[in-house]
Amino acid sequence: MSSTPMSTRLFIHDTHVAGRVVDVLIEDGRIADMSPGQPRPEAATVIDGSRYAVFPTFANLHTHAAMTLFRGYGGEVPLQQWLQQWIWPKEKLLDDERVYWGVRLACVEMIKSGTTAFADMYFELPAAARAVHDSGIRALLGDNVFGDADRFVDASSYSAPEWQDEMVRYCVAPHSVYAVSDEGLRRVARYCAENDLRCHIHMCETEKEVADCLAQHGCRPYEHLAQLGLLDLLSHRLIGAHSLYLSDSEMALMSRHGVTAVHNPNSNLKLGSGYRFQYAELQAAGVRVALGTDGCASSNNLDMLEASKTMSLLQKGWRQDSTSTPAGEVLHVASRNGFEAMGVDAGELEVGRQADMMLVDLDNVAMVPDNDTVANLIYAAHNDAIDTVICNGRVVMRHRQVAGESEVVAAVREIARQMHLYRS
Ligand SMILES: [Zn+2]
């Protein structure tokens with residue numbers, strides 16, 4: 001692993017956690033103590049936390065990490081034209097080495113904006129897993145399948161231990177109800193249920209998708225999954241990216257089966273998908289809502305801090321209600337809810353939890369004055385306020401330095417040149 005080598009014991013003294021000044025002791029990847037005046041432990045890496053506020057890190061629950069390679073490539077053309085003329089021909093040029101560096105770039109960007117876990121949907125998964133391991137963060141890597149999903153017949157190797165370690169987990173990612181056949185969806189669902197794997201799928205992203213499903217199947221997308229028996233099979237394992245255009249009956253189905261809805265506000269806006277994310281209704285129905293950025297090809301960055309602000313502002317504006325989706329709540333959506341959906345015991349600063357956290361610089365101008373630390377983080381700060389990031393008890397960024405960043409940048413520039421991605 002190329003993250004900063006640290007001992008397994010980390011001690012952050014005199015730091016700010018939810019308005020209190022405490023010492024945070026981390027041992028073997030978990031928060032061991034979080035009280036004031038602790039004696040300095042032996043054999044620990046010590047961080048002076050006095051000018052920082054500690055927050056849980058973000059979990060980006062929907063992205064396509066390697067598509068950092070396509071950042072800004074062919075943007076702002078109609079969706080089908082963009083896919084057919086720009087993205088799909090270039091994706092044919094991707095190999096494991098190129099995917100590796102694309103995922104490495106994504107991990108650097110996510111670490112620098114406070115994210116230590118992500119749910120991905122792409123291909124060349126062994127290379128992606130290697131990149132995640134080398135970056136020192138966590139991922140749920142979804143193998144993107146289309147059509148009849150035939151290759152799941154012999155996908156048992158993905159259940160091997162290296163796919164199910166502490167940092168990288170494998171899941172299956174059927175693209176959508178319109179790109180995967182009914183038989184393919186059934187095959188994936190049976191496989192996920194038998195192997196206790198998550199299933200990550202695009203759902204109800206556009207009004208057209210819903211209208212097409214109604215025309216083809218006589219029901220809406222989540223109802224279609226229910227009729228195929230998939231919601232019974234998958235239940236809480238199902239992660240429905242977007243879930244933007246939902247009926248009341250679909251929200252009731254999602255609640256009954258424990259489905260996670262992943263909101264990707266910047267992608268919905270950038271792709272002109274419209275806006276109808278019914279956060280209040282999903283909350284009332286008891287559906288877990290997580291947050292994502294989608295891939296860099298569609299929303300251009302992987303910044304969960306920016307996505308958090310966008311979500312809150314959109315909800316306030318759309319609902320004409322300044323009390324909608326307050327800062328503390330959007331932080332839970334962007335952090336705790338995402339970790340929960342991934343099955344990772346992080347997202348809250350509590351003794352016993354996994355130590356995924358970030359130190360936010362209270363001297364950063366956006367954090368001054370400290371009238372409301374959470375509101376400052378969500379509404380005022382940019383990611384340059386995030387000084388230090390810790391994942392699984394290990395420091396992966398210190399004073400905004402991420403190990404290997406310059407090597408990653410050089411490698412991606414060279415790949416973009418080789419693939420003729422530059423316009424000129
Ligand atoms: Zn997507």
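Trainee: Is Cys-204 buried or exposed?
Mentor: This is a predicted model, so treat every value as computed from it. Buried means under 20% relative accessible area. Cys-204 has 0% relative accessibility, so the residue counts as buried.

Trainee: Which cysteine has the sulfur closest to that of Cys-204?
Mentor: A disulfide needs two cysteine sulfur atoms within 2.5 Å. The closest sulfur to that of Cys-204 is 7.7 Å away, too far for a bond. The residue that holds this sulfur is Cys-213.

Trainee: How far from Cys-391 is the nearest cysteine sulfur?
Mentor: Cys-391 is in no disulfide. At 1% relative accessibility, Cys-391 counts as buried. The nearest cysteine sulfur belongs to Cys-107, and its distance is 9.9 Å.

Trainee: How many disulfides does a search of the whole structure find?
Mentor: The cut-off is a sulfur pair within 2.5 Å. Cys-204 misses it, with its closest cysteine sulfur at 7.7 Å. For the whole structure, the search result is zero.

Trainee: Which residues are the protein donors of the zinc ion?
Mentor: The donors lie 2.1 to 2.4 Å from the zinc ion. In sequence they are spaced H-x1-H-x137-H-x91-D. The histidines donate through NE2 and the aspartate through OD. They are His-62, His-64, His-202 and Asp-294.

Trainee: What is the arrangement of the four donor atoms around the zinc ion?
Mentor: Tetrahedral would need all angles between 85 and 135 degrees. Here the donor atoms subtend angles of 84 to 171°. That makes the arrangement irregular.

Trainee: How many residues apart in sequence are the parts that His-64 and His-202 tie together?
Mentor: His-64 sits in the loop between strand 6 (58–63) and helix 1 (79–91). His-202 belongs to strand 10 (residues 199–203). Both His-64 and His-202 are buried. The separation of the parts they tie together is 138 residues.

Trainee: Which residue forms a salt bridge with Lys-112?
Mentor: Lys-112 is in helix 2 (residues 96–112), and its partner is in helix 16 (residues 405–418), 293 residues apart. Lys-112 is buried, at 18% relative accessible area. The partner is partly exposed, at 24%. With closest N and O atoms 3.0 Å apart, the partner is Glu-405.

Trainee: Which residue pairs with Glu-340 in a salt bridge?
Mentor: Glu-340 lies in helix 14 (residues 336–342), and its partner lies in strand 13 (residues 288–291), 52 residues apart. Glu-340 is partly exposed, at 37% relative accessibility. The partner is also partly exposed, at 26%. The two side chains meet at 3.2 Å, N to O, and the partner is Arg-288.

Trainee: How far apart are the closest N and O atoms of Glu-183 and Arg-190?
Mentor: Glu-183 is partly exposed, with a relative accessible area of 32%. Arg-190 is partly exposed too, at 37%. Their side chains form a salt bridge, which needs N and O within 4 Å. The closest atoms are separated by 3.4 Å.

Trainee: How many salt bridges does a search of the whole structure find?
Mentor: The Lys-112 and Glu-405 pair is one of them. Some share partners, joining Arg-30, Asp-345, Glu-350 and Arg-353 into one network. The search of the whole structure gives 19.

Trainee: Which side chain makes a polar contact with that of Asp-196?
Mentor: Asp-196 is in the loop between helix 4 (182–195) and strand 10. Its C-alpha is 8.8 Å from that of Leu-234, which is 38 residues away in sequence. The polar contact spans 2.8 Å, and the side chain belongs to Arg-237.

Conventions
Residues numbered from 1 in each chain as written. Predicted model: local features only at pLDDT ≥ 70, side-chain atom pairs only at ≥ 80, totals over all residues. Heavy atoms only, no water. Donors = N, O, S within 2.8 Å, 3.2 Å for Na, K, Ca; no water. Tetrahedral: all angles 85-135°; square planar, octahedral: opposite > 155°, others 65-115°. Helix = DSSP H or I, 4+ residues; strand = E, 2+ residues; numbered from the N terminus. Buried < 20%, exposed > 50% of the residue type's maximum accessible area, 1.4 Å probe, protein only. Polar contact = N/O pair within 3.5 Å; in protein donor to acceptor, adjacent residues only side chain to side chain.
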